[in-house]
Amino acid sequence: MFRPKVPTNPTPTGVVIPPTVEPTALVRPTPAPAPVAQSSTRPAVQLTPGTALALVGGGTAVVLVVGAVVVSMFLAVAISGMSVAVCAVVLRSLLASGRTHR
């Protein structure tokens, strides 16, 4: 059931029979027609000065917005770190002063 079935090929005889070639009349090949460039059904994109200016303005706006978001995230992390550090210093001083007054 799980044994592969290998097809058996007949042993080659070593005799090669060449195909028969019948002589035919000499036919000159006709030259192939020149390829014709196909016109595209898609309209070509043409950038006018107005659209180029709009693209540059849009790209600049995207860069400025992404930059503002990244800078605000860095500032939020920095402010949070500073507030945690200030809270740690205040708690440390409160705990230290509580031990010395007893």
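Which backbone oxygen lies 3.0 Å from a polar atom of the side chain of Ser97? In this predicted model, the atom in question is the backbone oxygen of Leu94. Ser97 itself belongs to helix α1, and its relative accessibility of 29% places the residue in the partly exposed class.

With regard to secondary structure, the chain contains 1 helix and 0 strands, and helix α1 comprises residues 49-100. The accessibility calculation assigns 0% of the 102 residues to the buried class, while the exposed area of the chain amounts to about 10700 Å², of which 71% is supplied by carbon and sulfur atoms.

A second contact between a side chain and a backbone oxygen involves Thr60, a residue that is likewise found in helix α1. Here a polar atom of the Thr60 side chain is placed 2.8 Å from the backbone oxygen of Val56. Thr60 has a relative accessible area of 41% and is therefore partly exposed, as this value falls between the limits of 20% and 50%.

The nonpolar part of the surface includes a patch of about 380 Å², to which Val62, Val66, Val70 and Phe74 contribute. Of these residues, Val62 is located in helix α1, and its relative accessible area was computed as 53%. Because exposed residues are those with over 50% relative accessible area, Val62 is classed as exposed, whereas Thr60, in helix α1 as well, remains partly exposed at 41%.

Terms used. Residues numbered from 1 in each chain as written. Predicted model: local features only at pLDDT ≥ 70, side-chain atom pairs only at ≥ 80, totals over all residues. Heavy atoms only, no water. Helix = DSSP H or I, 4+ residues; strand = E, 2+ residues; numbered from the N terminus. Buried < 20%, exposed > 50% of the residue type's maximum accessible area, 1.4 Å probe, protein only. Areas by Shrake-Rupley, 256 points an atom, 1.4 Å probe, with all protein chains shown as cover. Patch = residues over 30% accessible without salt bridge, like charges linked within 9 Å, V, L, I, M, F, W, Y side chains within 5 Å. Salt bridge = Lys/Arg side-chain N within 4 Å of Asp/Glu carboxyl O. Polar contact = N/O pair within 3.5 Å; in protein donor to acceptor, adjacent residues only side chain to side chain.
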